[in-house]
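This briefing goes through the fold, the overall dimensions and surface, and the nonpolar core of one protein chain. Please look at the sequence and the model first.

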Amino acid sequence: MRNPEDVIIAPIITEKSYRLANEENKYTFKVHPDANKIEIKNAVEKLFKVKVVKVNTINVKPKKKRLGKFEGRTAAWKKAIVTLKEGDKIEFFTAS
């Protein structure tokens, strides 16, 4: 079992993630590529002291990028959308 700080890498803060957090109580995180849903749930509950109802994960595929004659790829990563119990909230996601 991984350390919770190793499972949750960073929050994903976009317009869509703000909308999901405020309207549907769903929070989006960049997570360790090998983490499973149970590890993600336990990490969020421990780090933020909230109750997780559901976890959805997405493997984000790399995209081809080009700068002049040089070609490359963006990194592949894993995204988790975590649904919290009604009434629970993670503060840094909510709009002030």
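Along the sequence, the protein chain runs in the order α-β-α-β-α-β-β-β-β, which amounts to 3 helices and 6 strands; helices (H or I, at least four residues) and strands (E, at least two) are DSSP runs numbered from the N terminus. The model is predicted, so local features need pLDDT of at least 70 and side-chain atom pairs count only at pLDDT 80 or more, whereas totals for chains, interfaces and linings use all residues. Residues are numbered from 1 along each chain as its sequence is written, and side-chain values use heavy atoms, with hydrogens and water left out.

**Dimensions and surface**
- Taken along the principal axes, the C-alpha atoms fill a box of roughly 50 × 35 × 20 Å.
- Carbon and sulfur atoms hold 52% of an accessible surface of about 6800 Å², computed by the Shrake-Rupley method with a 1.4 Å probe.

**Burial and contacts**
- Of the 96 residues, 31% are buried, meaning under 20% relative accessible area with a 1.4 Å probe, protein chains only.
- Among contacts (heavy atoms within 4.5 Å) with a separation of 6 or more, 62% join residues 24 or more positions apart.

**Nonpolar core**
- The largest nonpolar core, a set of buried Ala, Val, Leu, Ile, Met, Phe, Trp, Tyr and Cys residues joined through side-chain atoms within 4.5 Å, has 17 residues, and those with the most contacts inside it are Ile8, Phe29, Ile40, Val44, Val82 and Leu84.
- At least two residues of this core come from each of β2 (26–31), α3 (37–48), β3 (52–60) and β6 (77–84).
- Beyond its neighbours within four places in sequence, Ile40 has contacts that include Val7, Ile8, Val55 and Val82.

Note on methods
Buried means under 20% relative accessible area, exposed over 50%, partly exposed in between (1.4 Å probe, protein chains only).
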